[in-house]
Amino acid sequence: MGVSIYWTAERDTKLTENEQSQINTIISKYNNEFEYADEAETFTPYEYDTDEPTEIFSGSVKISAFDDVHAILHSIDYWLACLSEIRHVIDNASWHVHLDDSDAVWDGERWLMSE
């Protein structure tokens with residue numbers, strides 16, 4: 001059984017074309033370089049929902065239940081790094097990132113799992 005990272009970014013204005021372009025570039029880079037891509041999900045945000053107009057960027061990525069704990073931890077760190085780069089693009093939003101029931105914390109530079 002695997003776990004998932006979930007995220008939401010909220011603000012009163014939608015993503016700009018420039019922000020969306022930068023985000024797409026980051027996601028493509030991380031998906032293309034993910035060493036476990038053949039065995040796990042890649043990073044795919046949810047479609048923008050007009051019923052939730054302030055939720056401008058959200059999604060989840062499942063962390064596969066590898067037999068190797070190192071692979072699980074590496075995958076979590078990897079996708080948190082991806083979200084960190086995206087947060088630097090969308091820096092004026094209210095964010096919530098969590099791994100199932102455990103919240104990630106923003107240290108001013110990157111997402112980290114809370115202890």
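Between strand E4 (94–99) and strand E5 (102–106) runs a loop, and Asp-100 is found in it. The model is a predicted one, and in it the phi of Asp-100 is near 50°, a positive value in a residue other than glycine. Most residues other than glycine have a negative phi. Asp-100 has a relative accessibility of 29%, so it counts as partly exposed; the buried class ends at 20% and the exposed class begins over 50%.

The two strands on either side of this loop belong to a chain with 2 helices and 6 strands. Followed along the sequence, these elements come in the order β-α-β-β-α-β-β-β.

The overall dimensions come next. The C-alpha trace spans about 40 × 30 × 30 Å along its principal axes. The radius of gyration of the protein chain is 14 Å, and because a compact globule of 115 residues would have a value near 13 Å, the two agree. Contacts within the chain can be sorted by how far apart the partners lie in sequence. Among contacts with a separation of 6 or more, 69% join residues 24 or more positions apart.

The surface can be described in a similar way. The protein chain has an accessible surface of about 6900 Å², and carbon and sulfur atoms account for 45% of that area. Of its 115 residues, 40% count as buried.

Ser-75 is an example of a buried residue. This serine lies in helix H2, which covers residues 69–89. Its relative accessible area is 1%, and Ser-75 is therefore classed as buried, the limit being under 20%. Which residues does Ser-75 touch, leaving aside those up to four places away in sequence? They are Phe-34, Tyr-36, Ile-63 and Phe-66.

The last feature is a space at the protein's surface. Rolling a probe the size of a water molecule over the atoms shows where empty space is left. The largest pocket holds about 290 Å³ of space. Its lining consists of 15 residues, and those nearest the centre of the pocket are Gln-20, Tyr-46, Glu-47, Tyr-48 and Ile-56. Helix H1 (17–33) and strand E3 (55–63) each provide at least two residues of the lining. Which element gives the most to this lining? Strand E3 does, with 4 residues. Sorted by class, the lining of the largest pocket has 7 nonpolar residues, 5 charged ones and 3 polar ones.

Terms used. Residues numbered from 1 in each chain as written. Predicted model: local features only at pLDDT ≥ 70, side-chain atom pairs only at ≥ 80, totals over all residues. Heavy atoms only, no water. 1 Å grid on protein atoms, 1.4 Å probe; cavity = no way out; pocket = protein on both sides within 12 Å on 5 of 7 lines; lining within 4 Å. Points joined across faces, edges and corners; volume = space filled by probe spheres on them. Nonpolar A, V, L, I, M, F, W, Y, C, P; charged D, E, K, R; others polar. Rg over C-alpha atoms; globule rule 2.2 N^0.38 Å. Buried < 20%, exposed > 50% of the residue type's maximum accessible area, 1.4 Å probe, protein only. Contact = heavy atoms within 4.5 Å. Areas by Shrake-Rupley, 256 points an atom, 1.4 Å probe, with all protein chains shown as cover.
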